[in-house]
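Let's take a walk through this model together, from one loop to the places where residues pack and where space is left. Keep the viewer open as you read.

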Amino acid sequence: MLTISLLLVLAITLYQRASLKVTSLAILAVLLIWGFVYSVPYIHWIISAIILIPLNVPALRRPISANILGVFKGIMPKISDTEQEALDAGTIWWEQEVFAGKPNWKRFHNIPKATLTAEEEAFLAGPAEELCSMINEWQITSIDRDLPPEVWQFIKDKGFFSFIIPKEYGGLGFSAYAQSQVLIKINSLSPTAGSVVSVPNSLGPAELLMHYGTEEQKKYYLPRLADGKEVPCFALTAVEAGSDAGGIPDSGVVCKGQWNGEEVIGIKLNWNKRYITLAPVATLLGLAFKMYDPDGLLGDKKELGITCALIPTDTDGVEIGRRHYPLSTPFQNGPTQGEDVFVPLDYIIGGQAMAGQGWRMLVDCLSAGRAISLPSGATGGAKMVAYTTGAYARIRKQFKVPVGYMEGVMEALARIAGKTYMIDAVRTFTAAGIDTGEKPSVASAIVKMHTTKLAQDCAIDGMDVHGGKAVMMGPKNYLGRAYQGAPISITVEGANILTRSLIIYGQGSIRCHPYVLKLIEASQNENKTQAIKDFDKALFAHIGFAMSNKVRTFWLGLTASLFVRKPQSDFTGRYYQRITRFSSALAFLSDVIMGVLGGELKRRESISGRLGDMLSNLFIASSILKHFDDKGRPAHDQDVVKWSMEHCLYETQMAADGVLRNFPIGWMGKLLRLVVFPLGLPLSPPSDKLGRKVAKQLQQPEAMREELTHGIYKSESQYSNLFKVDKALRLQLEMEPVVAKFSAALGKKPLNHEVVSFAKEALDEGLIHDDEFKLVVEAEEARLDIINVDDFSKEEMSDTFNS
């Protein structure tokens with residue numbers, strides 16, 4: 001009985017994550033109380049003393065830690081300089097709470113929600129709307145292969161290149177959330193225009209200058225970038241170095257040369273870059289290269305490392321102008337080369353002092369920027385798909401019923417709505433975090449990877465629902481380019497396949513874990529005494545953390561997390577409990593996997609990818625709950641929130657199941673399953689019934705659909721198909737009671753093509769009024785205008801597609 005009491009107290013303190021001292025005192029208290037009432041066998045005192053005394057006296061346990069440190073050094077690979085700089089970049093934010101097994105929901109709800117200033121709202125309602133009204137995406141993508149000159153000039157004149165530039169340098173100084181909202185609106189019409197606007201406001205010259213430039217560089221370049229006098233690009237990706245950006249072969253050799261008639265110390269640059277957006281039209285080239293000083297002109301160091309410099313493109317030897325053609329989306333993207341281009345040292349961003357600091361600069365800036373540009377484009381695209389596909393499914397009829405009422409189509413519509421909500425929620429949540437000063441490097445990788453993938457899923461489902469309407473390209477096709485262009489975002493700023501395992505989990509497991517990084521740092525400390533001291537402290541804290549997660553995971557699985565405190569009492573409360581449960585499971589599995597595989601985990605990307613999926617889905621699920629709460633918990637969002645949450649949590653469960661099924665040691669995986677899933681797999685994907693409810697809501701121009709697609713361009717303009725689709729939907733719904741009225745009176749129901757002729761018959765017989773007949777005609781004209789597709793003459797085909 002005493003043993004059971006001791007184990008119970010130990011389990012309770014571990015579950016609550018009590019400190020070692022508190023746990024030891026609790027065990028001692030049980031022994032004393034038991035001894036006072038009964039008697040304590042000597043064996044219990046002896047075992048307790050053998051365990052607790054060394055644990056609580058660091059001097060006694062450090063010899064053990066020293067031996068373990070030696071083993072740890074042997075199995076852990078050396079962290080390279082580029083890996084270390086990536087680990088040091090940015091901050092850790094809510095993703096750490098999700099990873100560590102016990103999310104602090106009070107902290108979560110104290111994160112300020114994303115908001116716009118009056119100035120930012122005015123920009124969205126003014127210049128952003130006006131820009132969208134000028135966009136003819138068919139003309140841009142299929143005929144001109146570029147934005148028209150007046151659009152380029154409007155973008156420059158109205159400050160679209162200056163969102164991130166502070167006002168004191170002539171910029172707009174917008175928040176991350178405001179920048180995202182503008183990009184959503186533009187991308188809902190034109191990914192081409194969206195990319196042109198996003199690049200100067202993303203990782204590039206302006207961002208690097210603001211954080212690292214000299215004051216002289218800032219004063220000269222930032223105002224010119226803000227007003228469009230300079231068009232920037234940033235050249236990082238080389239022919240042989242894509243995702244492995246640290247392996248770029250491009251070089252800059254320190255040497256003496258002539259500059260403005262004088263001999264100065266400078267850099268002779270050689271580079272061959274590709275995939276560089278805005279390179280064909282850039283006036284200012286941001287360049288990443290490896291810097292060498294073979295003659296020691298700057299000091300003793302021969303290899304200085306990756307360096308970033310600003311090169312005016314009219315400098316002798318710079319080559320720009322040729323273009324790539326990325327999946328028929330003709331934003332200005334192309335290669336750039338330079339051969340023996342000599343520039344002075346003050347072209348280095350930040351001056352000579354920042355030579356060799358380029359990789360740190362890049363990963364630090366990307367830690368926030370990765371969460372804005374591409375996720376905003378994905379959000380705009382997904383919202384456009386949701387807005388148009390819901391409407392199209394309702395107005396397109398087969399077998400005398402809207403195709404949106406067919407269950408197979410409803411499944412696709414539910415996925416589109418749910419995934420669009422997920423995208424918008426995680427994008428908004430992370431932008432809010434950035435606006436509080438965070439640079440969440442792991443969260444930004446999660447947002448980039450999953451929003452782009454989810455947006456592609458939406459585009460695929462949208463294509464399936466639209467069928468031939470979306471296949472036939474032409475001015476009437478509003479979906480084809482979004483489908484074609486979706487893979488582009490998946491490859492940019494780190495290919496999604498590598499982002500999933502190497503950044504989200506590879507970096508996340510080290511950055512987000514409370515002790516792993518401390519253990520690694522201690523193992524690489526040259527001071528042996530301090531290394532043992534630091535390693536010992538982190539090691540035993542880690543052991544307690546791992547034991548706590550095991551207890552928590554088993555208990556939460558055994559009780560289905562029903563006893564976890566809920567921050568909300570409504571239907572979302574259960575979701576908070578399940579996130580807490582799977583957060584503990586993630587922390588527990590991570591510790592076991594890292595213990596079993598050690599440094600080998602870097603190469604076991606299938607395992608690390610699934611653990612990354614757990615982290616990602618828990619982060620997204622959290623953002624859904626925050627998004628719903630920040631919106632005031634509206635009743636009309638409940639069904640889509642339920643669908644999104646059940647999808648995320650089911651995916652989390654199946655990722656954990658995948659880890660256990662493929663555990664490197666089979667028998668251990670089976671034992672771990674008893675801890676993680678003691679009652680089996682508890683969750684199912686969203687039900688068909690829930691999916692049908694969400695699908696029907698997406699087909700109605702009411703609160704859920706309108707808020708889900710908030711922020712895209714819905715206004716009437718000469719070239720906007722989105723307005724036409726919505727108008728057709730509203731007219732169709734207004735017309736249907738009239739059709740039902742005269743069908744009943746005539747005693748027959750018209751086929752799709754017979755509605756107008758039946759209405760004319762009803763009008764002639766006095767069964768409907770003239771206004772009702774005009775409504776039917778207008779609604780049918782609007783519907784046919786949407787469901788019809790473009791066709792071209794032989795001459796038009798030649799002129800359009802060979803221009």
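A good place to begin is Arg145, found in the loop between α9 (137-144) and α10 (149-157); helices here are DSSP runs (H or I, at least four residues) and strands are runs of E (at least two), numbered from the N terminus. This is a predicted model, in which local features need pLDDT of at least 70 and side-chain atom pairs count only at pLDDT 80 or more, while totals for chains, interfaces and linings use all residues. Residues are numbered from 1 along each chain as its sequence is written, and side-chain values use heavy atoms, with hydrogens and water left out.

Although Arg145 is not a glycine, it has a positive phi of about 60°. Arg145 is buried, with a relative accessible area of 16%; buried means under 20%, exposed over 50% and partly exposed in between, with a 1.4 Å probe and protein chains only. Arg17 also has a positive phi without being a glycine, at about 55°. Look for Arg17 in the loop between α1 and α2, where it is partly exposed, with a relative accessible area of 26%.

From Arg17 you can move on to helix α3, the place of Ile43. Ile43 is partly exposed, with a relative accessible area of 47%. Its C-alpha atom is separated by 17 Å from that of Pro54, 11 residues apart along the chain.

Helix α3 (42-56) also leads to the second largest pocket: α1 (2-15), α2 (20-37), α3 and α23 each supply at least two residues of its lining. For the search, a 1 Å grid is laid over the protein atoms alone; a pocket is an open set of points with protein on both sides within 12 Å along at least five of seven lines, a cavity is a set where a 1.4 Å probe fits but cannot get out, and lining residues have an atom within 4 Å of a point. About 830 Å³ of space lies in this second largest pocket, where grid points are joined across faces, edges and corners and a volume is the space filled by probe spheres set on the points. Of its 29 lining residues, Leu10, Leu20, Thr23, Leu55 and Met547 lie nearest the centre. The lining divides into 17 nonpolar, 9 polar and 3 charged residues, counting Ala, Val, Leu, Ile, Met, Phe, Trp, Tyr, Cys and Pro as nonpolar, Asp, Glu, Lys and Arg as charged, and the others, Gly among them, as polar.

Which helix gives the most to that lining? The answer is α23, with 8 residues. Helix α23 (residues 528-558) also packs with helix α27 (residues 666-676) at an angle of about 65°, their axes 7 Å apart; axes are lines fitted to C-alpha atoms, for helices over the stretch in contact, and angles run from 0 to 180 degrees between N-to-C directions. Lys550, Thr553, Phe554 and Gly557 of α23 make the contact (heavy atoms within 4.5 Å) with Leu674, Val675 and Val676 of α27.

Finally, turn to the largest nonpolar core, a set of buried Ala, Val, Leu, Ile, Met, Phe, Trp, Tyr and Cys residues joined through side-chain atoms within 4.5 Å. This core has 188 residues, and Phe160 and Phe742 have the most contacts inside it. Helix α17 (residues 407-435) gives the most to this core, with 13 residues.
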